[in-house]
Amino acid sequence: MSNQQYQFQYRMHTHWNELSPQDVMLIKEAFNAMDKAYAPYSRFKVGASVLLETGEVICGSNQENIAFPSGLCAERVALNYVGANFPGITIDTLAVVAQGELMPEEHLLSPCGGCRQVMLESENRQSTPIRVILVNQDQRTMIIETVKDLLPFGFGK
Ligand code: THU
């Protein structure tokens, strides 16, 4: 028997406006997407933006349904759109923002387990890691260098 430890490093910024112009642009796109969320049931709006290697930005927002499990998270809307319409194009960065009373403002925004699995599949489809930017409701921003850090021992190759 041996005890093992899993560690990962991430960067924390007090505000997303400290980031590079490209990251700031991507985060603003995620905020625009968030405004288009359809979240009448949870009133928790999420926006996701994906920067492709081509420079194109693809956005998604959570789309809820009165039959609850039929709704979809913002990350999955965006990533599945990329998978369907840009197969073979590498994803550089995914940014996620959210707003709503479901979470206290200081609570760290953290994608749900199902979205992490979808993010991992997207990463495994390409040869380079996907950077993930998570913007908290109080504007603190976390940068994670690979999806694998968000889903230790994730199911997949
Ligand atoms: N939601 C997302 O869009 N992304 C996540 O990672 C977690 C949750 C959405 C789903 C639902 O519409 C609302 O947030 C509340 O759970």
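In this predicted model, the ligand is surrounded by Ser42, Phe44, Val46, Asn62, Glu64, Cys73, Ala74, Glu75, Leu102, Pro111 and Cys112, a residue being near a molecule if one of its heavy atoms lies within 4 Å of it. By class, this shell holds seven nonpolar, two polar and two charged residues; Ala, Val, Leu, Ile, Met, Phe, Trp, Tyr, Cys and Pro count as nonpolar, Asp, Glu, Lys and Arg as charged, and the others, Gly among them, as polar. Residues are numbered from 1 along each chain as its sequence is written. Local features need pLDDT of at least 70 and side-chain atom pairs pLDDT 80 or more, while totals for chains, interfaces and linings use all residues, and side-chain values use heavy atoms, without hydrogens and water.

Polar contacts (pairs of N or O atoms within 3.5 Å) link the ligand to three side chains. An oxygen atom of the ligand lies 2.5 Å from an N or O atom in the side chain of Glu64. For the side chain of Glu75 the corresponding distance from a ligand oxygen is 2.8 Å, and for that of Asn62 it is 2.9 Å. Taken alone, the ligand exposes 370 Å², of which the protein buries 78% (Shrake-Rupley method, 1.4 Å probe).

The chain comprises three helices and six strands, these being DSSP runs of H or I with at least four residues and of E with at least two. Along the sequence, their order is β-α-β-β-α-β-α-β-β. The C-alpha atoms fill a box of roughly 50 × 40 × 35 Å along the principal axes.

Note on methods:
Polar contact = N/O pair within 3.5 Å; in protein donor to acceptor, adjacent residues only side chain to side chain.
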